Amino acid sequence: MKKHNIQILNKDYKEVLKTLGYENDSLDESVKELLLVCERQLREVINACFVYRVFDYRNETLIDSGFVLEGETIKEHLDGYNKCACLCATLGGEVDALIRKKQVTSMAEAMMIDKMASFLIEKVCNLAEDIIMKNFDGRDKTFRYGLGYGDFPIEKQKDFLYMLEASKQVGVYVNEASMLMPTKSVTCLIGIKDDERVVE
């Protein structure tokens, strides 16, 4: 188990801009300039990284994890899978700091940076999932299932982060409301069908 850094490439930022309509000829020039300004500022502070562990999964239990699955939806999600990848990804605390700063000086920039960051953390999760699944050579997997979905309690965040040593490895914590800090962070599980154990 270790920290993995993710490099956000130019094409990833271009994808963000395209999604937000930058390539739309009807956009006002001031909006296009806002997009580019926010992109530059986000580039300067982003620190994308993730940590994960893969556990054997049997009888509704992540073997040797110390983490107890609660709720029927996550058990249904993992039904028929014999391994489970547990993932925590983040863009880093400086992104939150930038958004807070912009909420004071420019709400338009704050909102735009927030939208960009929300898109990019999903991109990081996609890249992290690709890295994890390289160990399993095309094996069947589930989609990512986040804590707080269905009846999977959001209150399990603290135990989940402890299991991954996420606070130490990637600087992700939970607040009193069980929300992740930094806010542009994600925790999730992925079921995998495989007969070989992967060692981190």
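So, Asp140: at 39% relative accessibility, that residue counts as partly exposed. Keep in mind that we're looking at a predicted model here. What does Asp140 form a salt bridge with? The partner is Lys193, and the closest N and O atoms are 3.8 Å apart. Asp140 sits in the loop between H5 and E5, while Lys193 is in the segment after E8, so this pair ties together parts that are 53 residues apart in sequence. Lys193 is partly exposed as well, with a relative accessible area of 38%.

While we're on charges, there's also a network: Lys11, Asp12, Glu15 and Lys123 are joined into one by salt bridges that share partners. Across the structure, the salt bridges come to 17. As a reminder, side chains of opposite charge can pair when their charged atoms come close.

Okay, two other bridges I'd like you to look at. How far apart are N and O in the bridge where the side chains of Lys184 and Asp114 meet? That one is 3.1 Å. Lys184 comes from the loop between strand E7 (180-181) and E8, and Asp114 from helix H5, residues 107-133, so here the parts tied together are 70 residues apart in sequence. Now, buried or exposed, what is Lys184? Lys184 is buried, with a relative accessible area of 9%, because anything under 20% goes in that class. Asp114, on the other side of the bridge, counts as partly exposed at 30% relative accessibility.

The other bridge is Glu70 with Lys156, where the side chains meet at 3.6 Å, N to O. This pair links distant parts of the chain, 86 residues apart: Glu70 is in the loop between strand E3 (61-62) and H3, and Lys156 is in the loop between strand E5 (145-146) and helix H6 (157-164). Lys156 counts as buried at 8% relative accessibility, whereas Glu70 counts as partly exposed at 36%.

Right, on to charges on the surface. Which residues gather in a patch of negative charge there? You want Glu72, Glu76, Asp79 and Asp151. Take Glu72 from that group: you'll find Glu72 in helix H3, residues 72-78, and its relative accessible area of 46% makes this residue partly exposed.

Let me zoom out a bit. How many helices and strands does the protein chain have? Seven helices and eight strands. Along the principal axes, the C-alpha atoms fill a box of roughly 55 × 40 × 30 Å. The radius of gyration is 18 Å, and for 200 residues a compact globule would come out near 16 Å, so the two agree. Of those 200 residues, 49% count as buried.

Last stop, Ile192. This residue has its place in strand E8, residues 185-192. And why does Ile192 count as buried? Because its relative accessibility is 0%, and the class takes in whatever is under 20%. If you'd like a long distance to trace on the screen, go from Ile192 to Lys32: their C-alpha atoms are separated by 42 Å, and the two residues are 160 apart along the chain.

To pull the bridges together: Asp140 goes with Lys193, Lys184 with Asp114, and Glu70 with Lys156.

Terms used. Residues numbered from 1 in each chain as written. Predicted model: local features only at pLDDT ≥ 70, side-chain atom pairs only at ≥ 80, totals over all residues. Heavy atoms only, no water. Patch = residues over 30% accessible without salt bridge, like charges linked within 9 Å, V, L, I, M, F, W, Y side chains within 5 Å. Areas by Shrake-Rupley, 256 points an atom, 1.4 Å probe, with all protein chains shown as cover. Salt bridge = Lys/Arg side-chain N within 4 Å of Asp/Glu carboxyl O. Lys, Arg positive; Asp, Glu negative; His and termini not counted. Charge placed at Lys NZ, Arg CZ, Asp CG, Glu CD. Helix = DSSP H or I, 4+ residues; strand = E, 2+ residues; numbered from the N terminus. Buried < 20%, exposed > 50% of the residue type's maximum accessible area, 1.4 Å probe, protein only. Rg over C-alpha atoms; globule rule 2.2 N^0.38 Å.
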